[in-house]
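This report considers the nonpolar cores of a protein model, followed by the surroundings of one residue and the geometry of one helix.

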Amino acid sequence: MTGSRINGNGVVPSLEVAIVGGGIIGVMTAIGLRRRGINAVIYERAATWHEVSAGFAFTGAARVWMKQIDPALVELLGSISQKTDASTSNAYWNGFHPRTREDAEDETKSLLFRTPTNNLSFWGCVRSQFLKGMADLLPDGAARFGKRLVSYDDDSQSGKVVLHFDDDTRVEADVLLGCDGIHSTTRKALLGADHPASRAGFSHTVTYRTMVPIDVGIAALGEKVAKSACNHLGPGADLLVYPVMSGTLLNIAVFAYEPSEFPDPDRMTVQVERSEIEQLFKGWSPPVADIWKLYPEKVVKWGIFDLEENPPPTYARGRACLVGDAAHASTPYLGVGACTGVEDALVLCTLLDSVQQKSLGGDALREALTEALQTYSQARLERGRWIHHHSRQMGQVYHWRYGPTGRDPQRMKQKLEENWAKVVNYDVLAPLPHDLREMAKGPGVSHN
């Protein structure tokens, strides 16, 4: 990894950054770093780009941060997403008590509450499509596949971080960013394999995902699902649906409480019969009770893991740090897991750009990088913990397991809106010094 960038002071040596993990946040971070002339290379254990074909969404606030990472990211997202506006809302329905299809679709009988989406301004898309689009923004050589990290050394003698892969190869870099997800190898290496936070914990919730053509979804659940997100709530489970792919597909996600331990915690998935969903919704309102019919015969059940019970004490040690789910894996009940990773990416891009512009070498560079990553950790630690704590709590609310709040629509709405206010009104850059906040607004032209 070699390169340089040009700024007002002449040629500045390019930092060499190894990003472990080629998921959404790893690729987004690489794009932001390369825009700043930093030579970021992704090391992905899969044989090619790989992401589940499920829907997810970014808030308006996240798109502001995304634009500062690289405007091309927002342009890409805008070209493939289903957009909400001031006329749309998220609707929360009683999915359990209505006894007829007519009652289940009657707002006066079954709608618990609505929350306007203009503050959140979600843009929903398909994960795999967004990842592929971002990958196309990277130059050749920016990603290397079939690279499973085993360990790393923060080597003071060579002045580099040395990554060791399971194919017996090694790579040297100035910085290691662990974007390798919930079951992060980087986190185990950074904290130690015996540290309680080295392994994510099962949240005792699972999800079953699928997507269907929008007309199929409307036939099953009514016209209400065509333009905005609808969540159908009940005891121990919820059914979330929202349109993606410019309104041509309906993303369907069933979330359910599961008291037993997950059968395969290392893989997080297990194949089951769709009859498991049928049994889950026995006795629910007719549209929800029949939703299993839209799933294939064989269904992938995902165990939802997070870091709520054992959060990392730090996101950085030396010249290595944790990013996205590797740092603060959360349940999906606030809908902002990926958005939180966007925040991480912007802070890291800003801090590493600042170090690079100092044109340091030797011990001075190592000290500056260590300080930058500690600043990142301090800026992000409280936020990450807040997200996975309140996301887990909202899941209990949706599943009617959070005391009186879980069965009281007004209390539920108040709790949700309080949380979302803290999501969208959060200033990602506030913990950084003023000069870095200004730098984040627009990097110079990259020549990498």
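## Cores, a strand residue and a helix

In this predicted model, the largest nonpolar core holds 110 residues, and the members touching the most others are F58, F130, M134, L177 and L352. Helix α13 (residues 362-398) supplies the largest share of this core, with 13 residues. Another core, of 37 residues, lies apart from it; V206, L239, A256 and M268 are among its members.

Contacts were also listed for two individual residues, with neighbours within four places in sequence left aside.

| Residue | Contacts beyond four places in sequence |
|---|---|
| M134 | I24, V27, M28, I31, L73 and L76 |
| S203 | I304, F305, D306, T331 and R392 |

S203 belongs to strand β15, which covers residues 201-213. Is S203 buried or exposed? Its relative accessibility is 8%, and because buried means under 20%, S203 counts as buried. The side chain of S203 also makes a polar contact of 2.6 Å with the side chain of T205.

The remaining element is helix α12, which comprises residues 337-357. What span should its 21 residues have at 1.5 Å a residue? The expected span is 1.5 Å times one less than the number of residues, so α12 should extend over 30 Å. The C-alpha atoms at its ends are 31 Å apart, in agreement with that expectation. Helix α12 is mostly covered, as 19 of its 21 residues are buried. After α12 comes S359, which has a positive phi near 55°.

Note on methods: Residues numbered from 1 in each chain as written. Predicted model: local features only at pLDDT ≥ 70, side-chain atom pairs only at ≥ 80, totals over all residues. Heavy atoms only, no water. Core = buried A, V, L, I, M, F, W, Y, C linked by side-chain atoms within 4.5 Å. Buried < 20%, exposed > 50% of the residue type's maximum accessible area, 1.4 Å probe, protein only. Helix = DSSP H or I, 4+ residues; strand = E, 2+ residues; numbered from the N terminus. Contact = heavy atoms within 4.5 Å. Polar contact = N/O pair within 3.5 Å; in protein donor to acceptor, adjacent residues only side chain to side chain.
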